[in-house]
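User: I should like to learn how to read the contact between two domains, and then the surroundings of a single residue. Could you take me through an example?

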Amino acid sequence: MTAPNHNWRQFKDVLMRVITFACAILVVTPLVLVFYHLLKEGFTSINWAFFTQLPKPVGEIGGGMANAIAGTFILLGEAALIGVPIGVLGGVYLSEYGGSKLNWWIRFAADILNGVPSITWGIVVYGLLVAPHLPGFSALAGGVVLGLMMIPLVMRTTEEVLQLVPAGYREASLALGIAKWRTIVQIVIRTALKGIVTGVLLALARVAGETAPLMFTAFGNLGWARKLTEPIAALPLQIFEYAKSPYDDWRRQAWAGALVLLLLVLAINIGVRFLTRDRFKAKI
Amino acid sequence: MADNQNNSAALTVKNLSVYFGKNEAVKNVSLDIAARAVTAIIGPSGCGKSTFLRAINRMHELNPDARMEGEIKLFGDDIYSKNVQPVVVRRRVGMVFQKSNPFPTMSINENVTVGLRLNGIRDKKILSERTEQSLRMAALWDEVKDRLSAPAISLSGGQQQRLCIARALAVQPEVLLMDEPASALDPLATSKIEDLILTLKKDYTIVIVTHNMQQAARASDFTAFFYMGELVEFGPTTKIFTSPANKRTEDYVTGRFG
Amino acid sequence: MSRTKSAFLPLFVLLIFRREKKFDCMATTKMTTATGQFGDRAFKWLTLAMAFAVFVLIALIGYELASGSHLAMQKFGWRFLISSDWDPVNDIYGALPVIFGTVVSSLIALIIAVPISVATAVYLTELAPLWLRQPLIMFIELLAAIPSVILGFWGLSVMVPWLHAHLFPAMRGTLGFLPLFKGPDYGPCILAAGMILAIMIVPIITSVSREILRSVPGLQREAAYALGATRWEVTRIAVLSYAKKGIFGAVILGLGRALGETMAVTLVIGNIAQIVPSLFSPGATLASTIANEFTEATGDLYYSALFELGLVLLGVTLVVNIFAQLLLKTFAGPSVKPQN
Ligand SMILES: Nc1ncnc2c1ncn2[C@@H]1O[C@H](COP(=O)(O)OP(=O)(O)OP(=O)(O)O)[C@@H](O)[C@H]1O
Ligand SMILES: [Mg+2]
């Protein structure tokens, strides 16, 4: 009582498994290759000087990216100052207040903003702050552009984790006569804090690697930036400059910088995954 | 197929246990399901009716935590034997679900013939014959014959459920499993499905899970009462409903618990 | 577990407030409600204002780009879009070559990435053994996290030389009769850009498609299984046809990303604004041209033309992204998470 085409069907089933498996392997191959080359080229180039010294002028061997590494962290700090409060509070609105219609539009706008190319953000902030010299190419402008890019990211993830907080928590608190805003701040946000932090860290990891928006704002700097109104170096910018260059020593440093940046970004990504392992398991 | 097996068993279930992880959902159940008859499975919610049913066409294997022990024979063939593939079992044992689930991207016509087409039947004439035959058996033909290429989801809930029955019938299974097929339907649609079951049993072996005692009493020849995963009582429907041997069965069918 | 949790909830809430030591006085009930009401209203307006930031940002982006490109619009009008001269030396700007490069490189990326991504998503949700799914998903998420400048640098130093040594000669040998694969190949080119873009959009298309496939109701699969379908047949008749629209949305989302991708492309495309049939020749995209020329631009018109490229880029990605979002939202409601 088997169908006549039974063997053919079984064969097709196996064939499709093999083909789709091959595709999955093909997808992860670049990751493995990028990692392999970064480790191979970058590891030998990383030394103490890389973390402690400033870039050397063309022709001189050695030097490091100390200012770029510091610059990236400074920019991320500024970005967090702008992106986190606006993003989190906006996410609170989306999850806790608002009619469905307005919220649909806010969500839609946030999703659209997430799709705006990063280079576009760069020229917008250039036009907004740099061109009119308020304050020109500067750490401030660089922080602003990264912060603005974080807003829609943080907003959406915050909303999502807040909605995972069971309605019972809110009701229990409101039933005790506690004002809604205090319920939100002290029950809802507190319960979802881990998730919110996760979202913020992932958004930071995402903007940490951004290069295009920084080119016209932070601009880059071969030395230290003494004030926030001066141009500042950043790891991705420095990698880009060195990557384009024809000098072996600079390219060597670009590998090292790329390795450090990738490790930073991946460390956040993997760390966050460990932090939220249970939640993710429950979701899958 | 099942000629002159009128009195013999279509399915022989021996010492069947089904586990979800450590939880034993069906406990050591043995029973014979008669061919060309309707067997109803009743019992309180969570007692393992659906699990039992799904073990019969190996649908429980879709759940990676599920595991079975025991033996089920379909007209003498061990459906869990090593060289039998679940695909073949499911081809012989059709299933209708509680919530109707026509393929929404397909037309009425395509829904009915999808099983046949999977089996490599391409002949237009055979396909259209089988469509008409199955839709007639499912008492849907007159309502849809003029719009066979309309999308399946344009039908009403009751019609969709009958379409699903037609879809299952089209591949001419030997056994038809129905898991609360009418529980999401209004009384009129429900009675249509019940009439349908009574006509179908001339050609098919039917196992139906139901929460509706009247339905079980009206439509079935045999009834099995499950409780907490165990088969408490099994026998002709008239006996189960009029003079059950077990106190719990009596309590359940008279509505005293459950 | 969650049930026991919720039983203790009021207790939990009380404990938190006990610690705050602010919530204790019955005598001031009236006062607290009054301040509570004020606090509620203030907090609501505060969060609303923050949520409105998204609209402000969209308006800001539109305004800055429009005002920045004012000069070029005045000078060139619609000719800007159809003129094929991008000639900074003579201060003449036409966007066609860079639009061409953008479209072609994104198309190459889609042609490569779509089948692979959809197949991978299918493998991950339907066909792969369970133990393999989680690790593969994590790898793909990590791939998505690689900064584009790193991928571009890797492309420039590893992939492009490899392509010239191995893949391109082979393509020339087999497909060389097509004008697409004729002409000299050295250094960066449009095809390499398309390939890097493919690597970059694969994770998005895969993970959004995966969400879509996961949202296909289990009942659909069961219906197909119950007919005796094999796993692949279930995927084909019950899952893929159900999810078609959503997967299309995922693809369009990937396209939006490819169109606007900057750094990786800048490093491997060669940055020569030209319209040529050969994929082995260098090109330029909207984003790569801005990235490459903005800081070196001299003169207001040049700046303005670059702003106008940004405006065109924004327009195109906006249309594409809106289309994608609408597809995804109508497919599965707001639960399908957009990823970028
Ligand atoms: N997918 C599953 N994973 C784990 N346990 C399950 C699963 N499905 C069912 N069970 C367990 O198996 C037992 C029997 O469930 P089953 O669905 O067979 O009950 P039922 O009699 O069909 O109930 P109902 O009348 O509500 O449909 C229950 O205890 C249930 O918790
Ligand atoms: Mg059930």
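Analyst: The dialogue below treats the domains of one chain and then one residue. Please keep in mind that this is a predicted model.

User: Into which domains is chain A divided?

Analyst: The assignment gives domain 1 (6–43) and domain 2 (65–279). Their C-alpha centres lie 32 Å apart.

User: How much area is buried between domain 1 of chain A and domain 2 of chain A?

Analyst: Buried area is what two parts lose in accessible area on being put together, summed over both. Here it is about 650 Å², with carbon and sulfur atoms giving 90%. On the domain 1 side, Phe35(A), Leu38(A) and Glu41(A) supply 67% of the area buried against domain 2, more than any other three residues. The residues of domain 1 that touch domain 2 comprise four nonpolar, two polar and one charged.

User: How many salt bridges are there between domain 1 of chain A and domain 2 of chain A?

Analyst: The count is zero. Residue pairs in polar contact, both at pLDDT 80 or more, also number zero between these domains.

User: Turning to Phe216(A), is this residue buried or exposed?

Analyst: A residue counts as buried when its relative accessible area is under 20%. Phe216(A) is therefore buried, because its relative accessibility is 0%. Phe216(A) sits in the loop between helix H10 (212–215) and helix H11 (235–244) of chain A.

User: Which residues does Phe216(A) touch?

Analyst: Leaving aside residues up to four places away in sequence, the contacts of Phe216(A) include Ile119(A), Tyr126(A) and Phe137(A), together with Ile290(C) and Phe294(C) of chain C.

Conventions: Residues are numbered from 1 along each chain as its sequence is written. Chains are lettered from A and ligands numbered from 1 in the order in which they are written. This is a predicted model: local features need pLDDT of at least 70, side-chain atom pairs count only at pLDDT 80 or more; totals for chains, interfaces and linings use all residues. Side-chain values use heavy atoms; hydrogens and water are left out. Helices (H or I, at least four residues) and strands (E, at least two) are DSSP runs, numbered from the N terminus. Buried means under 20% relative accessible area, exposed over 50%, partly exposed in between (1.4 Å probe, protein chains only). Contact means heavy atoms within 4.5 Å. Domain bounds come from an automatic or database domain assignment. Buried area is the accessible area (1.4 Å probe) that two parts lose on being put together, summed over both. A salt bridge is a side-chain nitrogen of Lys or Arg within 4 Å of a carboxyl oxygen of Asp or Glu. A polar contact is a pair of N or O atoms within 3.5 Å; within protein, one must be able to donate a hydrogen and the other to accept it, and residues adjacent in sequence count only if both atoms are side-chain atoms. Ala, Val, Leu, Ile, Met, Phe, Trp, Tyr, Cys and Pro count as nonpolar, Asp, Glu, Lys and Arg as charged, and the others, Gly among them, as polar.
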